[in-house]
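Here's a quick tour to read with the model open on your screen. Have the sequence handy too, and follow along strand by strand and helix by helix.

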Amino acid sequence: MTKPVGIFGLGLIGMALAERLLAAGHGVVGYDVDEGRGALLRKKGGMPADPEAIWKSDIILSAVFSGGQLADIIAAAPDVTDIVLVAMSTCDPDQIAELADTARKRSIVLVEAPISGTSRQVLEGTALLLLAGDPAGLDAFERVADAISPNRERVGAIGNGNKTKLAINCVLGLNRVAVAEGLVFAEALGLDPANYLQTAMRSAARSDVMTAKGPMMVARDFSPLGRIAQSQKDFKLIREIAVRNGHGNMPMVNRYLEVMENAEQAGDSDLDNSAVFLAVSRMAQS
C-alpha cells in the first residue's frame, strides 16, 4: 500500500495493531485523545496525526473503546471517497449495522473485525479476527490483515462479527472467574497456589484461559493486557443484548457483573481482567 494505514484509538489494542503493521513495513498514522499515546506511536515509528489527517488513508482501523465513540468518529468525518473503516473493538452489533448504513451515505464502507485475543496475542500475531460485512470492504482490509494476524474468519453480514465476539467473550469471562474461584478455594484449603495451578493445567479443567491468566493470578501480577473495565463493558452489553433478544435471565452473566461491580468499587478497573481474582477473594470473605 502506498498510503499509510490510519488508526483511531491508541490504547492497548490500537498500539499493538500499529506495531504489527509497522513491523510488516506499512506506514501508520494514528490519533488518540491522549497525546502521550501519540508520542509513543512516534517512538515506535508511526506518525501521530489529527483526525482529519487519518481520513486521508484508504484503510482506517477503529480501536476505540465503544460503539458510541465509533459513531462520533463517523459523524465527524470530512468529505471522503471510498474509505474502508474497520471496526475492531467490541460494540453493540445492532448499532454496528445502523452505523454501516450511516457510513455508506458518506462514502465510507464500515466493516467489522473485532479481535478475539489479548493485546499480547495481537502483538504475537495469534489473535483471531472475526470479519463481517461488505465483501469488497473486507477484501480491501485483507490487503493489510496478514500483517495483523493470519487467523481470520468471515462470519457473515455486518453485526455478526460482534455477535460472535460477544458470545465468545461470555465464555472467556466466565472461564476467568472460574479459574479465579478455583485458586481462591485451593488457597483456602491450604494448597500452594503455584503447585495447584500446575496440576490443574494438566487436568480436564485445563483451558487456554487458565494457561494465560492463572499464572498472573498466582503472581498477583495484573499488568493490563485487557482491562477489567473492558470486560465489564462487554458483559453489560451481553446482558443488554440478551434482554433485547428475549433472554432476560442470564444467571452466570448477572453473577459475573456482580464480580465486576466489586472490582470497580475497589478501584481495579484499569487492572488486567485476571484481577477478577481479587474481587473473588474479597467476595469469598464477605
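Which residues of β1 are buried on one side, and which on the other? V5 and I7 are the buried ones on one side, G6 and F8 on the other, and that leaves both faces of β1 covered. Bear in mind that this is a predicted model. The rest goes sheet by sheet, then on to helix pairs and a few single residues.

**The six-stranded sheet**

- β1 belongs to an open sheet of six strands, and if you walk across it you'll meet them in the order β3-β2-β1-β4-β5-β6, with parallel pairing.
- At the edges you'll find β3 (47-48) and β6 (108-112); each has a single partner strand, so one side of each has no neighbour in the sheet.
- Next to β1 sits β2 (residues 28-31), and the two pair in parallel through four bridges. In that pairing, I7 has G30 of β2 standing opposite.
- Over at β6, the partner is β5 (residues 83-87): the two strands run parallel and are joined by five bridges.
- To trace that β5 pairing by residue, look for V84, whose bridge partner in β6 is V109, and for A87, whose partner there is E112.
- Edge strand or not, β6 is mostly covered, with four of its five residues buried.
- Helix α4 (residues 67-75) lies across four strands of this sheet: β1 (5-8), β4 (59-62), β5 and β6. Its direction is at about 170 degrees to that of β5.

**The three-stranded sheet**

- There's also an open sheet of three strands, ordered β7-β8-β9, and here the pairing is mixed.
- β7 (115-116) and β9 (152-154) are at its edges, each with a single partner strand, so one side of each is left without a neighbour in the sheet.
- β8 (residues 128-131) and β9 run parallel, joined by three bridges. Here L131 stands opposite R154 of β9.
- Helix α7 (residues 135-148) packs on this sheet and touches β8 and β9, with its direction at about 170 degrees to that of β9.

**Helix against helix**

- α8 (residues 160-188) and α13 (residues 276-284) have axes that come within 9 Å and cross at roughly 50 degrees. The two helices are therefore oblique to each other, and the crossing is right-handed.
- On the α8 side, the contact is made by R176, V177, A180, E181, L183, V184 and E187; on the α13 side, by V276, F277, V280, S281 and A284. Sort those residues by class and you get eight nonpolar, one polar and three charged.
- For α9 (residues 193-200) and α10 (residues 208-219), the axes come within 10 Å and cross at roughly 175 degrees. That makes the pair roughly antiparallel.
- P193, A194, L197 and A200 are the α9 residues that meet M210, G214, P215 and V218 of α10. This contact has seven nonpolar residues, one polar and no charged ones.

**N160, at a meeting point**

- N160 is part of helix α8, and with 24% relative accessibility it counts as partly exposed.
- Setting aside neighbours within four places in sequence, N160 is in contact with E112, A132 and V155. Of these, E112 is the β6 residue that bridges to A87.
- The C-alpha of N160 is also 9.3 Å from that of D94, although the two residues are 66 apart along the chain.

**Two residues with positive phi**

- Some background before you look at these: most residues other than glycine have a negative phi.
- D82 goes the other way, with a positive phi of about 55 degrees although it isn't a glycine. You'll find D82 in the loop between α4 and β5, and at 61% relative accessible area it is exposed.
- S107 isn't a glycine either, and its phi is positive too, near 65 degrees. S107 is in the loop between α5 (93-104) and β6; at 33% relative accessibility, S107 counts as partly exposed.

Note on methods
Residues numbered from 1 in each chain as written. Predicted model: local features only at pLDDT ≥ 70, side-chain atom pairs only at ≥ 80, totals over all residues. Heavy atoms only, no water. Axes fitted to C-alpha atoms, helices over the stretch in contact; angles between N-to-C directions. Parallel < 35°, antiparallel > 145°, perpendicular 65-115°, else oblique. Left-handed = near helix turned anticlockwise from the far one by under 90°. Contact = heavy atoms within 4.5 Å. Nonpolar A, V, L, I, M, F, W, Y, C, P; charged D, E, K, R; others polar. Pairing = 2+ DSSP bridges. Buried < 20%, exposed > 50% of the residue type's maximum accessible area, 1.4 Å probe, protein only.
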